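Me: I should like to learn how to read the features of a protein model step by step. May we work through the example below together?

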Amino acid sequence: ATEQFIAPVATVLENTDGYTLEVEMPGVGKDNLEMWVENNELTIVGRRSPLAVEGTPLHRESRSENFRRSFELDPSIDESKISAKIEQGVVTLTLPKAEEVKPRKIAVA
């Protein structure tokens, strides 16, 4: 059987130093999270651990599929300095801009 994925909800914020990407992956822990950059594309895969429930489920609104989402990276992002953390099912990635594209103040002589 082919593994099924759903696209997680994401938020992208820009600041002067770069971007912050927040991806919601409820039920995913650090050990079940994979991320990589290839051909200027960031891919995030999160696998959920099956929930152990006692009794017969009568109604379930959350889905059990794993998560997968890809993002095309802006060329201004320094791929070597991308960092990530996961806390309470939210993956937060820091995508810093390369030094040469950051705004800089010019001193007047």
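Me: In which strand does T43 lie?

Reply: Please keep in mind that this is a predicted model. T43 belongs to strand β5, which covers residues 41-46.

Me: Is T43 buried or exposed?

Reply: A residue counts as buried under 20% relative accessible area. T43 has a relative accessible area of 4%, so T43 is buried.

Me: Which residues does T43 touch, leaving out those up to four places away in sequence?

Reply: T43 touches E34, M35 and W36, and also R68, R69 and S70. With S70 there is, in addition, a polar contact of 3.1 Å between the two side chains.

Me: How are the strands of the sheet that contains β5 ordered?

Reply: The general idea is to list strands by who pairs with whom. Here 4 strands form an open sheet in the order β1-β6-β5-β4, and the pairing is mixed. The edge strands are β1 and β4, each of which pairs on one side only.

Me: In what sense do β4 and β5 pair, and over how many bridges?

Reply: The pairing of β4 and β5 is antiparallel and extends over 6 bridges. Two positions illustrate the register: V37 stands opposite L42 in β5, and E34 has V45 of β5 as its bridge partner.

Me: What should I know about side chains along such a strand?

Reply: In a regular strand, side chains alternate between the two faces of the sheet.

Me: How many residues lie between β4 and β5 in their hairpin?

Reply: There are 2 residues between them, and N39 in this turn has a positive phi of about 55°. N40 is likewise found in the loop between β4 (33-38) and β5. N40 has a positive phi of about 65°, although it is not a glycine.

Me: Why is a positive phi worth noting?

Reply: It is worth noting because most residues other than glycine have a negative phi.

Me: How accessible is N40?

Reply: The middle class runs between the 20% and 50% cut-offs. N40 has a relative accessible area of 28%, so N40 is partly exposed.

Me: Which strands form a hairpin with Q88 in the turn?

Reply: β7 and β8 form that hairpin, with 2 residues between them. The phi of Q88 is near 50°, a positive value in a residue other than glycine. Q88 has 82% relative accessibility and therefore counts as exposed.

Me: How do β7 and β8 pair?

Reply: Strand β7 (residues 83-87) pairs with β8 in the antiparallel sense, over 5 bridges. Within this pairing, I86 stands opposite V91 of β8.

Me: Which other strand is joined to β8, and by how many bridges?

Reply: Strand β3 (residues 18-24) is joined to β8 by 7 bridges, and these two strands run antiparallel. T20, for instance, has T94 in β8 as its bridge partner.

Me: Why is β8 described as largely enclosed by the rest of the structure?

Reply: The way to judge a strand is to count its buried residues. Strand β8 spans residues 90-96, and 5 of its 7 residues are buried, so the strand is largely enclosed by the rest of the structure.

Me: Where does L13 lie, and how accessible is it?

Reply: L13 lies in strand β2. With a relative accessible area of 43%, L13 is partly exposed. Beyond four places in sequence, L13 touches G18, Y19 and T20. L13 and T94 are 81 residues apart along the chain, and their C-alpha atoms are separated by 9.8 Å.

Me: Is A7 buried or exposed?

Reply: A7 is exposed, with a relative accessible area of 58%. A7 is found in the loop between β1 (5-6) and β2 (10-15). Leaving aside neighbours within four places in sequence, A7 is in contact with R68 and R69.

Me: What volume does the largest pocket have, and which residues line it?

Reply: A pocket is read by its volume and its lining. The largest pocket has a volume of about 190 Å³. Its lining includes P26, G27, R48, S49, P50 and L51, and R60, S62, R63 and S64 also belong to the lining. By class, the lining has 3 nonpolar, 4 polar and 3 charged residues.

Terms used
Residues numbered from 1 in each chain as written. Predicted model: local features only at pLDDT ≥ 70, side-chain atom pairs only at ≥ 80, totals over all residues. Heavy atoms only, no water. 1 Å grid on protein atoms, 1.4 Å probe; cavity = no way out; pocket = protein on both sides within 12 Å on 5 of 7 lines; lining within 4 Å. Points joined across faces, edges and corners; volume = space filled by probe spheres on them. Nonpolar A, V, L, I, M, F, W, Y, C, P; charged D, E, K, R; others polar. Buried < 20%, exposed > 50% of the residue type's maximum accessible area, 1.4 Å probe, protein only. Polar contact = N/O pair within 3.5 Å; in protein donor to acceptor, adjacent residues only side chain to side chain. Contact = heavy atoms within 4.5 Å. Pairing = 2+ DSSP bridges.
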